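Visitor: Hey, got a minute to walk me through this one? I'd like to start with how the chains meet and then poke around inside.
Guide: Sure, have a look and ask away.

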Amino acid sequence: MGFARACSVALVGVEGVVVEVQADLEPGVAAFTLVGLPDKSLVESRDRVRATVVNSGGEWPQKKLTVGLSPASVPKGGSGFDLAVAMAVLGASERVDPKVIADLVLIGELGLDGRVRPVRGVLPAVLAAAEAGYRQVVVPEQTAGEARLVPGVSVLGVRSLRQLIAVLNDEPVPQEEPVPEGRPDPMLAGLMMPGAGIGTGLAPETVDGPDLADVAGQWAARTALEVAAAGGHHLMLHGPPGAGKTMLAERLPGVLPPLTRQESLEVTAVHSVAGILPPGEPLVRTPPYCAPHHSATMQSLVGGGNGLPRPGAVSLAHRGVLFLDETPEFSGKALDALRQPLEAGHVVVARTAGVVRLPARFLMVLAANPCPCGRHTLQGTGCECPPSAVRRYQARLSGPLLDRVDLRVEVEPVNRSDLLGAGRRGEPTAVVAGRVLAARQRAAARLRDTPWTVNSEVPGHELRTRWVVAPGALYAAERDMERGLLTARGLDRVLRVAWTIADLAGHDRPQPQDVDLALELRTGISRGAPMPTGGGGL
Amino acid sequence: MPGGGSSVGDDERIARAALTRVFEPGDEHGGRWLAEMGPLELLARLTTPGPDDVPLPGASPRRVASYRIRAAAADPLRDLEAVASFGGRFICPGEGEWPTQLDDLGDARPVGLWIRGRPDLRKWALRSVAVVGARACTPYGAHMAAGLGSGLAERGWVVVSGAAFGVDGSAHRGALAAGGATVAVLACGVNVAYPRGHTELLGRIAEQGLVVGELPPSDHPTPSRFILRNRVIAALTRGTVVVEAEYRSGSLATARSAQRLGRHTMGVPGPATSGLSGGVHELLRGEAVLVTDADEVAELVGEIGELAPERRGPVLPRDVLDPLSARVLDALPATGAVDGVRIARDAGVTPDEALGRLYELQALGFVERHGDGWQLTRTAVGRSNARRGGP
């Protein structure tokens, strides 16, 4: 008798699938059936929707009601379908015109009082709707800013079901009381993942990040940081506790170039799904920084959870920095799981409810102490770790993971004059970021006709054959290779870093001193190559 | 039996093989008795059953009893068979392959040596250097050890070390990578892979070089055996290079025993802040010689005339100017042109002399003339002495 349809979006990882919500009313004993692979929270939608409709002044049809979600094979979960279910039911009972809602994409959770509550993952949902050709979306008012980031879609932010019904029927729109300024909005709770809010280190910093000028000394590490940012090279910081490894890593996102529009959308989509997007500031414009604790499990690093996988640390660090402090303390399994995202730029996670591909292109910074007590190699500090323990500790990081790290620097303990400001101060972040941006532009111009944008992405073979270094520049590196001190892959890495250093220095191709510095940064062995950062650029 | 040109009888060889099971490495009592009564007589006294009526001089009954227990358990024929089964051999003093440098150890000379690998130990040891150092070394230590290993191997030197983790392993690997010769001296049986992680490395050394040990096949290492093994490394080689060692380090024991034996001791310096280089620096403050690469090691331990290339910075065109011209050149500012009178004043010479020098410098391409003024050329500015503290 009565039939209506509306659309909503199911999230699979950070990608959306448009779901058609169909409501059908038949004469018979009053009942409400929801079909189409709903999970527990979606089944509960039946009760929420009924209460909301009644409390919004509507009438609940006393007939046999069936709501189907199709495609029926895609697993669906969460409360974001409430709004679409309610509207489909109201359409079927002709409270609103079924034609009007047929092409609307509706996203939102309903409160029993009739209010529309925000849900996570609005941005990827709206992106999916736009890609599927839908032009009109209705979202909770708090997330309208997030939805408006998607171009070519008209967004309606609603505060309650009553408002939406009025808009669709061309009736005067009732005003809902806004939350008074200064009081926390209880509705925003739905946007934040419990335990993922501000202060947990997962949410992006809203204030300006820390500045490089605060770091005392550490000229070699500063150079490495600059090179890492300019070429997208993974970095390993080695040194005793308290030398400033974490300080340096925290300042890396500030040195990275700001995100492009496309990158911003990717990052925002992931953060939206993870529930760590700050409500007032929907678009993430700066590279994110994610520093999981070393007790992190493999699931929390690469993504996982019951049912459909949720983004892990590698995805939260997408287009930003993933910092693993005390790397040897991480479980071997968790570290090995990083290999796929490092190689592919995304991670594929399989769970019972399906396989999900999450973006994970990040700059990795590893930090490690020289031994379990951290005092090994330091003069007169009395490290009592036996050699075998030191060796075991360092061996936890061997193999394929370290192979992907282009830069290895020793972070020396800060000396008194640097710390007390007697030494010269380092450059502020803005100056270094300027040089990094210029170097990235040089690299991008050189790589214009290739699929790559930064030096770290260029395969070794291409690097060796397509672009040549200055004559004789590779002498030292080749000599090391002959002696077995450098592997063939190591030579490729040196070459890659050398190109970045040349980009930073404004050389057309790597000069001998560029390769020497690259060799020094790659192997961690000092070769007397001048490390000019902090004084006036490369 | 291998070891051609042997002047040692089979009985004596078998007796010595048995005695390697009886005496711990470096047992000076054992060495003295061996020198006094020969291996056959010594073994006979230790294996004769019944009350000890022929006591060993200077040994308490308790000590003799412990030797007897070991001697009774020794089965030299089985050991010799075992070593032959993996292509090894046993050599003892007096044989053609015995490295006579070991005689410098006096009573602590090894009873005999078990060997895996084909080359002749005596010939190799004549031109060998030991490279030893910390097990838990830094990347710098590993790099230097590998560089020394390959550099020495390229110059035809045999690299001797202890096959431990860290510096030792890197030195062996460096020599192997250069296709050179290397000898591992173990503190256990030569068929025992210790450390376990170096099983593959030891296999390669046995294939391409030599694995040597005082202890009979399948014997296991103990802490004291490592220290005693070091004296063999020191005695076998012409000199010992220490790469990274703490104050309390077995590598320093090697260096000290090399010093006692009159061999060269050398050290590779590290950062002054590194505790891992502390022992080396202490050594260098004493009698050891500072070395930075294989050339310098070869110069020290090599034959007369085997010199390292002379080390110096590049000669710049400026360096060969005569002092007066150099003074005039220094008086020119880095940018802009100035007239000859001012240059003469700044250089402290007469204007005529300055002018003469300026024309000379112009001909050499250091300066160029702009009307009345003189200016440094671009190349002259670029090649300044900035790295030597110049302006």
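**Where the chains meet**

Visitor: So how many residues of chain A are in contact with chain B?
Guide: Chain A puts 19 residues in contact with 22 residues of chain B. Keep in mind that this is a predicted model.

Visitor: OK, and how much area do chain A and chain B bury between them?
Guide: About 1,600 Å², with 55% of it on carbon and sulfur atoms. On the chain A side, A:Gln379, A:Arg483 and A:Ile525 supply 35% of the area buried against chain B, more than any other three residues.

Visitor: How many salt bridges does the rule find across that interface?
Guide: The rule finds 1 between chain A and chain B. The side chains of A:Arg479 and B:Glu154 meet there, 3.5 Å from N to O.

Visitor: And which helices of chain A supply at least two residues to the side that touches chain B?
Guide: Helix 16 (387-395) and helix 21 (475-482) of chain A each do that. Helix 16 of chain A gives the largest share, 4 residues.

Visitor: What's the class mix on that side of chain A?
Guide: The side of chain A that touches chain B has 5 nonpolar, 7 polar and 7 charged residues. As for polar contacts, the count between chain A and chain B is 2 residue pairs, both at pLDDT 80 or more.

Visitor: Let's go inside chain A. Which way do the side chains of strand 12 of chain A point?
Guide: In strand 12 of chain A (residues 321-324), A:Val321 and A:Phe323 point one way, A:Leu322 and A:Leu324 point the other way, and all are buried. In a regular strand the side chains alternate between the two faces of the sheet.

Visitor: What does strand 12 of chain A pair with, and is the pairing parallel or antiparallel?
Guide: Strand 11 of chain A (residues 289-290) is joined to strand 12 of chain A by 2 bridges, and they run parallel. Strand 15 of chain A (residues 363-368) is joined to strand 12 by 4 bridges, also running parallel.

Visitor: Which residues sit across from each other there?
Guide: A:Leu322 is the bridge partner of A:Cys290, and A:Leu324 stands opposite A:Leu366 in strand 15 of chain A.

Visitor: Now A:Asp325. Where is it?
Guide: A:Asp325 is in the loop between strand 12 and helix 14 (332-336) of chain A.

Visitor: Is A:Asp325 buried or exposed?
Guide: In between: A:Asp325 has 24% relative accessibility, so it counts as partly exposed.

Visitor: What is A:Asp325 in contact with, sequence neighbours aside?
Guide: Leaving out neighbours within four places in sequence, A:Asp325 is in contact with A:Thr246, A:His294, A:Phe330 and A:Ala367. With A:Thr246 there's a polar contact between the two side chains, at 3.1 Å.

Visitor: Another threonine, A:Thr223: buried or exposed?
Guide: A:Thr223 counts as buried because its relative accessibility is 0%. A:Thr223 lies in helix 8 of chain A, and a polar atom of its side chain is 2.9 Å from the backbone oxygen of A:Trp219.

Visitor: Switching to backbone oddities. Which peptide bonds are cis?
Guide: One of them runs from A:Ser70 to A:Pro71, with omega near 5 degrees. A:Pro71 lies in the loop between strand 4 (64-70) and helix 3 (82-92) of chain A. In chain B, a cis peptide bond joins B:Tyr194 and B:Pro195, where omega is about -5 degrees. B:Pro195 is in the loop between strand 5 (182-186) and helix 8 (199-208) of chain B.

Visitor: Where does A:Leu37 sit, and what is its phi?
Guide: A:Leu37 has a positive phi of about 50 degrees although it's not a glycine. Its place is the loop between strand 3 (31-35) and helix 1 (40-43) of chain A. Most residues other than glycine have a negative phi, and most peptide bonds are trans.

Visitor: And A:Asp170?
Guide: Phi of A:Asp170 is near 60 degrees, a positive value too. With 74% relative accessibility, A:Asp170 counts as exposed.

Visitor: Last one: in what order do the 3 strands of the open sheet in chain B come?
Guide: The order is 10-12-11, with antiparallel pairing. Strand 10 (338-339) and strand 11 (367-370) of chain B are the edge strands, each pairing on one side only. In strand 12 of chain B, B:Trp374 is the bridge partner of B:Val338.

How values were computed: Residues numbered from 1 in each chain as written. Chains lettered and ligands numbered in written order. Predicted model: local features only at pLDDT ≥ 70, side-chain atom pairs only at ≥ 80, totals over all residues. Heavy atoms only, no water. Contact = heavy atoms within 4.5 Å. Buried area = accessible area lost by both parts, 1.4 Å probe. Salt bridge = Lys/Arg side-chain N within 4 Å of Asp/Glu carboxyl O. Polar contact = N/O pair within 3.5 Å; in protein donor to acceptor, adjacent residues only side chain to side chain. Nonpolar A, V, L, I, M, F, W, Y, C, P; charged D, E, K, R; others polar. Buried < 20%, exposed > 50% of the residue type's maximum accessible area, 1.4 Å probe, protein only. Pairing = 2+ DSSP bridges.
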